[in-house]
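Reader: I'd like to learn how to read a fold like this one. Could you walk me through it?

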Amino acid sequence: MIKICIFDLDGTLAKTQASIARPVNMTLRHFGLEDRPVEAFNYYAGDGLKKSLERALIDAGDKEASHLEEGFPMCRRWMEEDPFYLVEPYQNIPEALRTLRANGVRTAVLTNKVHAAAVKLLGTLFGEDAFDHIQGQVEGIPIKPDPAGIYEILNRFGLGKDECLYFGDTNTDMRTAHNAGVTAVGVTWGFRPRIELEENKADIIIDDPSEIPALCGIAE
């Protein structure tokens, strides 16, 4: 029986490309480099803000990402100042979350986004009580695809791997779930195409958030 659903944030719960592009492009401009298009962040994002910045620097002409260490603190600060920039939840996500909670299924978030920004963003989009736990990027817990974040959440609630579904839209998410030994649910409404989910061995693939409750045995 499924007792907890753990969700990725960017590209799974919310459309956040522009909110990631904003601080990264501000950092590029600081170093005299040209902005990268928002759609490029479908592929820059997924492995943490620092990796997004590194990929953007390289594509903008800094082939060795020589500005990464100097640029990341300012990029992170700009992200924390305005994590809501043009962000919106995906259609049917709020309803799916409410249905899970109403039927006793715990909800949690595991994201490579900076923890403070993740908490602020999710509280504003979905309300303070939408999730039982939010786990963003913090010192001491390796980022995805390391499974430590999933273990942290399961241990917090005393739950087993077979009681968990992990939802995400990228290869990093599928690898995270497999590394943790939980069911990997790929979602096609996010940043990456279905083929990436298939190639990274998603256990289940869904096309709409309205399908989430049924995976937990919740009837319409």
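Author: We'll go through the sheet, then the charged pairs, then the aromatic rings. Keep in mind that this is a predicted model.

Reader: Sheet first, then. What is the strand order, and is the pairing parallel or antiparallel?

Author: A useful general idea to carry along is that side chains in a regular strand alternate between the two faces of the sheet. Here the sheet is open and has 6 strands, ordered β5-β4-β1-β6-β7-β8, with parallel pairing. The edge positions go to β5 (133-137) and β8; each has a single partner strand, so one side of each is left without a neighbour in the sheet. From one strand to the next, the twist averages 20 degrees.

Reader: Let's zoom in on the β5 edge. How many bridges pair β4 and β5?

Author: There are 4 bridges between β4 and β5, in the parallel sense. If you want to find the register by eye, look for A108, whose bridge partner in β5 is H133. Further along, V114 stands opposite Q137 in β5.

Reader: And which residue stands opposite T107 in β4?

Author: That's C5. Strand β1 (residues 4-7) pairs with β4 in the parallel sense, again over 4 bridges.

Reader: What about the β8 edge: which strand is joined to β8, and by how many bridges?

Author: Strand β7 (residues 183-187) is joined to β8 by 3 bridges, and the two run parallel. One spot to check is G186, which has I205 as its bridge partner in β8.

Reader: Which helix packs on the sheet and touches β4 and β5?

Author: Helix α6 (residues 115-126) does; it touches β4 (106-114) and β5, and its direction makes about 135 degrees with that of β4.

Reader: How many residues of β4 are buried, and how many of β5?

Author: In β4, 8 of the 9 residues are buried, so this strand is largely enclosed by the rest of the structure. As for β5, 4 of its 5 residues are buried, which leaves that strand mostly covered.

Reader: On to charges. How many salt bridges does a search of the whole structure find?

Author: The general idea is simple: side chains of opposite charge can pair when their charged atoms come close. Searching the whole structure turns up 15 salt bridges. Start with E152 and R156, whose side chains meet at 3.9 Å, N to O. Both sit in helix α7 (residues 148-157), 4 residues apart, or about one turn of the helix.

Reader: Are E152 and R156 buried or partly exposed?

Author: Partly exposed: E152 has a relative accessible area of 31%, and R156 has 47%. Now look at the salt bridge between E196 and R192, where the closest N and O atoms are 2.7 Å apart. E196 counts as buried at 12% relative accessibility, and R192 is buried too, with a relative accessible area of 7%.

Reader: Where do D207 and R194 lie in the chain?

Author: Their side chains form a salt bridge at 2.5 Å, N to O. This pair links distant parts of the chain, 13 residues apart: D207 is in the loop between β8 (204-206) and α10 (212-215), while R194 is in helix α9 (residues 194-199). D207 is partly exposed at 44% relative accessibility, and R194 is partly exposed with a relative accessible area of 34%.

Reader: Which residues are linked in a network of salt bridges?

Author: Look at D8, K144 and D173, which are linked in one.

Reader: Last topic, the rings. How many aromatic pairs are there?

Author: To describe such a pair, you give the distance of the ring centres and the angle of the planes. The count here is 3 aromatic pairs. One of them is F41 with Y44: the centres are 4.9 Å apart and the planes at 85 degrees, so the pair is edge-to-face. These two are 3 residues apart in helix α2 (residues 41-44), about one helical turn. F41 is buried at 0% relative accessible area, and Y44 is buried at 5%. F126 and F131 also form an edge-to-face pair, with 5.8 Å centre to centre and 90 degrees between the planes. F126 is buried, with a relative accessible area of 14%, and F131 counts as buried at 9%.

Reader: What sits over the ring of W78?

Author: The charged end of R77 does, 5.7 Å from the ring centre.

Definitions and conventions. Residues numbered from 1 in each chain as written. Predicted model: local features only at pLDDT ≥ 70, side-chain atom pairs only at ≥ 80, totals over all residues. Heavy atoms only, no water. Salt bridge = Lys/Arg side-chain N within 4 Å of Asp/Glu carboxyl O. Buried < 20%, exposed > 50% of the residue type's maximum accessible area, 1.4 Å probe, protein only. Phe/Tyr/Trp six-rings, centres within 6.5 Å; stacked < 30°, edge-to-face > 60°. Lys NZ or Arg CZ within 6 Å of the ring centre and 35° of its normal. Pairing = 2+ DSSP bridges. Axes fitted to C-alpha atoms, helices over the stretch in contact; angles between N-to-C directions. Contact = heavy atoms within 4.5 Å.
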